[in-house]
Amino acid sequence: MTEVAYFTKEGLENLKQELQYLKTEGRAKIANAIAEARDKGDLSENAEYDAAKEAQALHETKIAKLENTLANARLIDESKIDTSKVLALSIVKIKNVKNGATMTYQLVAENEADLKSGKISVKSPIAQGLLGKSVGDKAEITVPAGKMEFEILEISR
């Protein structure tokens, strides 16, 4: 069973561009590697040819996964996001109750997650603990380091 993933316009465009690149330039590079290896003679004992064919199989698998993701992707209209509670694509400012540290995260699809830019997957433990909560609510979340308690300070889009 396939799973629906929700994306921002930017995230969906990035996926489409990556797929286009893999189908054109990526395939061409692998075809060239296979042709070069084939030109080196006997294919039965040609490690370069085997490696190039394996790279081709991995490349095609990646293309198939991206196509599947795009087929099940849904674009979210960010202007219609309810900011009264935490949902996918919400930007949430939270405070660690124990040490007082504040953090701001946007909850995005797995493919868009990038911790450096403050985007975490909706499937991550922190996001799962925050989903459905409102400003002022506290969420006790089990993370690999143990249990943490966060207070939701602000929700925006």
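# Briefing: two helices, a loop and two strands

Asn72 sits in the loop that runs between helix 2 and strand 2. The model described here is predicted. The points below start at this loop residue, then take up the two helices and two residues in strands.

**The loop residue Asn72**

- Asn72 has a relative accessible area of 14% and is therefore buried, since the limit for that term is under 20%.
- The side chain of Asn72 reaches back to Asn68, where the backbone oxygen lies at 2.9 Å.

**Helix 2**

- Helix 2 covers residues 47–71, which makes 25 residues.
- At 1.5 Å a residue, helix 2 should span 36 Å, and its end C-alpha atoms are indeed 36 Å apart, so the two values agree.
- Its buried residues are Tyr49, Ala52, His59, Ile63, Leu66 and Leu70.
- Helix 1 (9–38) and strand 2 (73–75) are among the elements that cover these buried residues of helix 2.

**Helix 1**

- Helix 1 has 30 residues, and from its first C-alpha to its last it reaches 42 Å.
- That distance is close to the 44 Å expected for helix 1 at 1.5 Å a residue.
- Helix 1 has a kink of about 35°, and the kink is centred on Leu22.
- Leu22 is also one of the buried residues of helix 1, which include Gly11, Leu12, Leu15, Leu19, Gly26, Ile30, Ile34 and Ala37 as well.
- The cover over the buried residues of helix 1 includes strand 1 (5–7), helix 2 and strand 2.
- Helix 1 and helix 2 thus appear in each other's cover: helix 1 for the buried residues of helix 2, and helix 2 for those of helix 1.

**Thr102 in strand 4**

- Thr102 belongs to strand 4, which takes in residues 102–108.
- With a relative accessible area of 44%, Thr102 is partly exposed, because that term applies between 20% and 50%.
- Not counting residues up to four places away in sequence, Thr102 touches Lys93, Ile94, Lys95 and Leu153.
- Thr83 is 19 residues from Thr102 in sequence, and their C-alpha atoms are 19 Å apart in space.

**Ser121 in strand 5**

- Ser121 is part of strand 5, residues 119–121.
- The relative accessible area of Ser121 is 12%, so Ser121 is buried.
- A polar atom of the Ser121 side chain lies 3.0 Å from the backbone nitrogen of Lys123.
- Once neighbours within four places in sequence are left aside, Ser121 is in contact with Val108, Glu110, Ala113 and Ala127.

How values were computed
Residues numbered from 1 in each chain as written. Predicted model: local features only at pLDDT ≥ 70, side-chain atom pairs only at ≥ 80, totals over all residues. Heavy atoms only, no water. Helix = DSSP H or I, 4+ residues; strand = E, 2+ residues; numbered from the N terminus. Buried < 20%, exposed > 50% of the residue type's maximum accessible area, 1.4 Å probe, protein only. Polar contact = N/O pair within 3.5 Å; in protein donor to acceptor, adjacent residues only side chain to side chain. Contact = heavy atoms within 4.5 Å. Expected span 1.5 Å × (residues − 1). Bend = angle between axes of the 7 residues up to and from the residue.
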